[in-house]
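Thank you all for coming. I would like to take you through one model this morning, going from individual residues out to the sheets and a pocket, and I will try to keep to what can be read from the coordinates and the record.

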Amino acid sequence: MASLQASCTILSSNTRSHSSSTQPLSAKPSYLFTRPRRSHHFQVSCDAKKNVETSQGKIDRRNMLLGLGGMYGAANILGNPSAYADPVQAPDFTKCGDAHDVQSGDALDAKCCPPPADKIIDYKLPPVKIMRTRPAAHRASSEQVAKYEEAIRRMRELDKTDPQDPRGFTQQANIHCAYCNGAHDQVGYNNLDLQVHNSWLFFPFHRWYLYFYERILGNLIGDPTFVLPFWNWDNPKGMTLPPIFDNSNSPLYDEKRDPNNRGSAIVDLTFSGSTDSLQLVANNLTSIYSEMVRSVSTTNDFMGKPYCAGTNPSPGGGSSENGSHTGIHWWVGTKDRTGPNKYNEDMGNFYSAGRDPVFYCHHSNVDRMWTIWRDVLETDVLKDITSADYLNAEFLFYDENKRLVRVKAGDCLDQRRLGYDYDRIDLPWLNYRPPKKATKAKVSNISDAKTAASVLPVNLKETVRVIVPKSAKGKVDEQLMLENIETDSTKFIKFDVFINDEDDKIEELDRAEYAGSFAQVPHKSKNKKGTANISLRLTSLYEEIDVSEDDTVVVTIVPRSNGEDVTIGGIKIVPVPARSS
Ligand code: C2O
């Protein structure tokens with residue numbers, strides 16, 4: 001698959017695309033984060049035309065993408081003009097099949113095709129009459145909670161009165177299953193799954209999904225002001241299951257959750273397993289700061305890697321998707337590997353996650369993190385992906401009037417155009433940049449560190465320590481690349497990365513040596529294997545651990561979940577891509 005990766009080009013982007021709809025918030029909040037330098041990083045795109053445009057035009061490009069003679073025949077391509085389109089197209093509902101079983105060999109009812117429709121309407125955003133403010137779930141008013149419960153109760157009722165009504169609770173949950181567990185093929189590529197996770201489609205897909213879900217709920221109770229709350233897990237006050245979901249008499253309740261993670265149990269976003277509440281909170285805040293700011297070098301580091309028509313699904317999720325987003329799925333889902341919920345239902349598996357009402361409240365916060373990253377944080381990374389392959393990617397949803405509508409990723413970049421915003425509250429994680437280390441680590445004390453050449457590819461059944469050369473001495477802007485991370489996609493995967501970590505206190509992430517993490521929610525795809533690449537920026541970490549005069553560092557990779565199902569193919573340190581300013 002190396003050729004698929006190689007076919008993506010690096011495009012230089014000098015300007016932030018500021019249309020009137022993308023202006024930052026009018027009032028600058030007091031927690032505004034600033035950096036002195038504002039310049040723009042390169043963006044990665046799938047658009048290979050610029051590289052390979054020849055006298056034979058796009059066929060050449062397609063041949064290159066597919067490595068012809070491999071999966072597809074030229075006749076198939078020539079006979080299917082839609083194969084030329086670059087962005088991922090909306091699925092063809094008439095060709096929907098069963099979602100794949102979550103674990104091969106096991107019989108599992110994973111039929112989640114949406115009901116058919118006569119026609120597809122290109123969705124036009126209605127003018128925004130009232131700007132609605134989504135509240136934090138733990139601060140929602142009793143009136144808001146009562147409306148929410150009533151709306152979900154009516155949505156569940158539709159399951160009984162008309163199971164084919166696309167607004168019903170199960171039909172809404174099935175949308176997620178179908179887009180995530182291989183029920184849809186990519187249009188024009190019937191041996192490639194359509195997958196909306198682990199790539200740049202993650203944020204726009206879920207934003208649109210919640211948009212229609214929220215409109216349906218509002219419509220069911222006749223209230224156009226209805227808003228979904230967000231699970232404020234990035235604030236210590238929101239770091240428990242929101243109490244409104246924890247009442248077994250409420251329609252917001254779901255019995256398929258980890259019984260240990262109810263009541264006052266503190267969220268463990270990082271799979272740290274710590275039993276110390278304060279340490280859990282510190283780990284959570286540190287990892288959010290890392291995935292929002294510290295480890296991010298490029299737009300794709302945060303937004304996810306390019307995924308286009310004809311390219312493999314799951315090229316790599318963004319830092320927030322891989323991080324806190326996955327952490328909540330894991331924390332809420334069941335952990336029973338042998339009982340009736342052995343696939344970590346409901347939240348712990350993509351095929352079933354939409355059956356838990358807390359999913360939508362969790363994703364409301366995931367969506368809010370995108371808003372904060374894009375509109376509030378001033379970092380030196382370009383905020384919007386400008387590639388047409390991203391902006392024109394399409395999805396289908398049913399709206400509140402049961403119409404099947406087609407939407408584009410590029411039409412949802414500003415949530416205010418969709419008629420909602422978020423309650424602007426504190427961002428305590430902005431203070432969680434780890435402290436500078438008092439004394440420089442003696443790298444020679446780190447036992448078992450081996451050269452990359454002698455260990456790669458390396459399996460993570462146990463902690464690995466690898467000596468990796470820096471690209472230069474002095475004050476440098478560098479990133480650590482972990483390449484060809486092969487995983488069993490049906491398992492929860494999590495590992496953490498540290499640099500020059502002689503203390504080895506792996507349950508504590510709030511230390512300068514912590515470089516970032518990788519995590520994945522179980523899902524099934526045609527070939528059980530997932531392959532991803534991640535990069536973790538080291539610039540501020542270097543300052544904190546004082547390595548400017550060193551030639552090499554020791555990278556420690558600590559498995560947290562199913563390490564035996566992870567193999568890393570490449571580890572290197574490279575300069576952060578050149579940028580213009
Ligand atoms: Cu579509 Cu949190 O998953």
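Let me begin with His329, which is buried, its relative accessible area being 0%. Please keep in mind throughout that what we are looking at is a predicted model. His329 sits in helix α10, which covers residues 319-332, and its side chain makes a polar contact of 3.1 Å with the side chain of His325. If we set aside the neighbours within four places in sequence, the residues in contact with His329 include Met347, Gly348, Phe492 and Val521, and also His362 and His363.

That brings in the annotation, where some care is needed, since the UniProt entry is unreviewed: under "binding site" the record lists His325, His329 and His363. These three are spread over 39 residues of sequence, and yet they cluster in space, with a largest C-alpha distance of 10.2 Å. The third of them, His363, belongs to helix α11, residues 358-376, and counts as buried because its relative accessibility of 2% is under the 20% cut-off. Not counting residues up to four places away in sequence, His363 touches both His325 and His329, and in addition Phe202, His206 and Leu210.

His206 leads us to a further set, because UniProt, again in an unreviewed entry, lists His176, His197 and His206 for "binding site". Do these residues lie scattered or gather at one spot? They gather at one spot, since they span 31 residues in sequence while no two of their C-alpha atoms are more than 10.4 Å apart. His176 is found in helix α6, residues 169-180, and is buried at a relative accessible area of 0%, whereas His206 lies in helix α7 and is buried at 4%. With residues up to four places away in sequence left out, His176 touches His197 and His206, and among its other contacts are Tyr209, Phe350 and Phe359. His206, counted in that way, touches His176, Val196, His197, Phe359 and His363, and through its contact with His363 it touches a member of the set I described before.

Helix α7 also matters for the next topic, the second largest pocket, where this helix, residues 202-220, supplies the largest share of the lining, namely five residues. The lining comprises 19 residues, of which Pro126, Ile130, Arg132, Arg215 and Pro224 lie nearest the centre of the pocket, and the space inside comes to about 390 Å³.

Let me turn finally to the strands. There is an open sheet of five strands in the order β11-β13-β18-β15-β16, with mixed pairing, and its edge strands, β11 (450-451) and β16 (514-520), each pair on one side only. Strand β15, residues 493-499, runs antiparallel to β16 and is joined to it by six bridges, one of which links Asp496 with Ser517 as its partner in β16.

Elsewhere, strand β19, residues 566-575, pairs in the antiparallel sense with strand β12, residues 458-459, over two bridges, with Ile568 of β19 as the bridge partner of Val458. Strand β14, residues 478-488, also runs antiparallel to β19, and here nine bridges join the two; within this pairing, Thr487 has Val566 as its bridge partner.

How values were computed: Residues numbered from 1 in each chain as written. Predicted model: local features only at pLDDT ≥ 70, side-chain atom pairs only at ≥ 80, totals over all residues. Heavy atoms only, no water. Buried < 20%, exposed > 50% of the residue type's maximum accessible area, 1.4 Å probe, protein only. Contact = heavy atoms within 4.5 Å. Polar contact = N/O pair within 3.5 Å; in protein donor to acceptor, adjacent residues only side chain to side chain. Pairing = 2+ DSSP bridges. 1 Å grid on protein atoms, 1.4 Å probe; cavity = no way out; pocket = protein on both sides within 12 Å on 5 of 7 lines; lining within 4 Å. Points joined across faces, edges and corners; volume = space filled by probe spheres on them.
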